[in-house]
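Q: Hello! I would like a close look at one small part of this protein, and then a walk outward from there into its surroundings.

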Amino acid sequence: MSGPPSVGVVVPTCGDRPELLREAVAGVLAQEYAGELSVVVVADAPPPRGGQRCASPAAVAARVAGALAGPRVRVVANALSPGLPGARNTGIAACDTDLVAFCDDDDLWLPGKITAQVRALREGGEFASCGIEVEHGRRLVPRLAGASRVTAADLVRSRMVMVHSSTFVFERGLLWVDESAPGGQNEDWDLALRAAKRRPLVHVDQPLVRVRWAGSHYAARWADRIAGLEWMLARHPELAVDPRGAARVYGQLAFAHAALGRRRAAARWAARTFAARLGEPRAPIALAVAAGLVSAPTVLSALHHRG
């Protein structure tokens, strides 16, 4: 390939945060990139709340399209399974570009992002990530990997928050998102891990994406988080082999059960956490939540504030 590869950017949305969506799309289109850069916004039905009937993906797409008109932006309805994985795959299928990238509708690409990652890919790679800065309130916290390559072993040992879906750039047709992910949980971790098993990820260790955690649709969906972690353990058995990685996952399961008030389950998973790695901090935090000493939202707020 002689010229810069074309890039199609998939932005899934439920249409429920239009201002952030406009900022996300604007951040992509503001990239000074020498090649072709286009956006596919994929509209999905919002999750049901309080028994209310939700708008269809087509209705959400019609509403979003009216606010995002532009020559480099297409809005399509999710044509695959409801939820984030199906929306991402709908977007991938709608792209006819050399590369595909992701940007969540509440995140913001920063200047130079795509150029730096394409350069890294062309120097030798199939799948790229980059550093992030976490926004919570008025606080910005950079999260870097300290490396230019991310291996499967790295992603087993740690989720590596900077290997975030809004940083992903990869060859179109290389991989698809697994739509069996329960509630869309951990589909991005699974995708990055599958990519890293093929070839280490190339990583631009600069904060080139602003990730806004406060507006996450997923952070407190505890039952989905439990199902998603169990799904990852079943799909990637090596997660239970590395002591540090296993303790991290078990500690997350203990915390999620504690947040749901399931004290016995929280205690069982905390015990497994201590057995895997005594120093894993999630286990005592989960036990404190289970005992009613602190609430799960308070813990989440404190962690998000720290980035």
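In which loop is Gly124 found? Please take that residue as the starting point and tell me what lies around that part of the chain.

A: Happy to take you through it. Please keep in mind that this is a predicted model.

Gly124 sits in the loop that runs between helix H4 (113-122) and strand S6. With a relative accessibility of 22%, Gly124 counts as partly exposed; the cut-off for buried is under 20%. Setting aside neighbours within four places in sequence, the contacts of Gly124 are Arg149, Arg199 and Val202. Leu201 is 77 residues away from Gly124 along the chain, yet their C-alpha atoms are separated by 9.6 Å.

Leu201 gives us a way inward, since Leu155 touches Leu201 as well as Val150, Met160, Val163, Trp189, Ala192, Leu193, Ala196 and Leu239, again without counting residues up to four places away in sequence. Leu155 also stands out in the largest nonpolar core: among its 91 residues, Leu155 and Val9 touch the most other members. The element that gives the most to this core is helix H8 (residues 243-259), with 8 residues. Both domain 1 (7-212) and domain 2 (222-306) supply residues to the core, so it lies between them.

Now back to the loop, and on into the strand that follows. Strand S6 covers residues 127-136, and Phe127 belongs to it. Phe127 counts as buried because its relative accessibility is 2%. A search of the whole structure turns up 6 aromatic pairs. In one of them, Phe127 meets Phe168 edge-to-face, with 4.9 Å from centre to centre and 65° between the planes. These partners are 41 residues apart, as Phe168 is in the loop between helix H5 (152-157) and strand S9 (169-171). Phe168 is buried too, because its relative accessible area is 0%.

Phe127 has a further ring partner in Phe170, and here the geometry is stacked: 5.2 Å centre to centre and 10° between the planes. Phe127 lies in strand S6 and Phe170 in strand S9, so this pair ties together parts that are 43 residues apart in sequence. Phe170 has 1% relative accessibility and therefore counts as buried. Along with Phe102, the residues Phe127, Phe168 and Phe170 are linked by ring pairs into a cluster.

Two rings also have a charged residue over the face. Lys113 lies over Trp109, 3.8 Å from the ring centre, and Arg272 lies over Tyr250 at 4.5 Å from the ring centre.

Finally, let us step back to the domains. The assignment gives domain 1 as 7-212 and domain 2 as 222-306. Their C-alpha centres are 26 Å apart, and the contact takes 20 residues from domain 1 and 20 residues from domain 2. Between them, about 1800 Å² of area is buried, and carbon and sulfur atoms give 59% of that. On the domain 1 side, His136, Val156 and Arg157 lose the most area to domain 2, together making up 29% of what that side buries. His136 brings us back to strand S6, whose range is 127-136, while Val156 and Arg157 fall within helix H5 (152-157).

Methods:
Residues are numbered from 1 along each chain as its sequence is written. This is a predicted model: local features need pLDDT of at least 70, side-chain atom pairs count only at pLDDT 80 or more; totals for chains, interfaces and linings use all residues. Side-chain values use heavy atoms; hydrogens and water are left out. Rings of Phe, Tyr and Trp (its six-membered ring) pair if their centres lie within 6.5 Å; planes under 30 degrees apart count as stacked, over 60 as edge-to-face and the rest as tilted. Helices (H or I, at least four residues) and strands (E, at least two) are DSSP runs, numbered from the N terminus. Buried means under 20% relative accessible area, exposed over 50%, partly exposed in between (1.4 Å probe, protein chains only). A charge sits over a ring if NZ of Lys or CZ of Arg is within 6 Å of the ring centre and within 35 degrees of the ring normal. A nonpolar core is a set of buried Ala, Val, Leu, Ile, Met, Phe, Trp, Tyr and Cys residues joined through side-chain atoms within 4.5 Å. Domain bounds come from an automatic or database domain assignment. Contact means heavy atoms within 4.5 Å. Buried area is the accessible area (1.4 Å probe) that two parts lose on being put together, summed over both.
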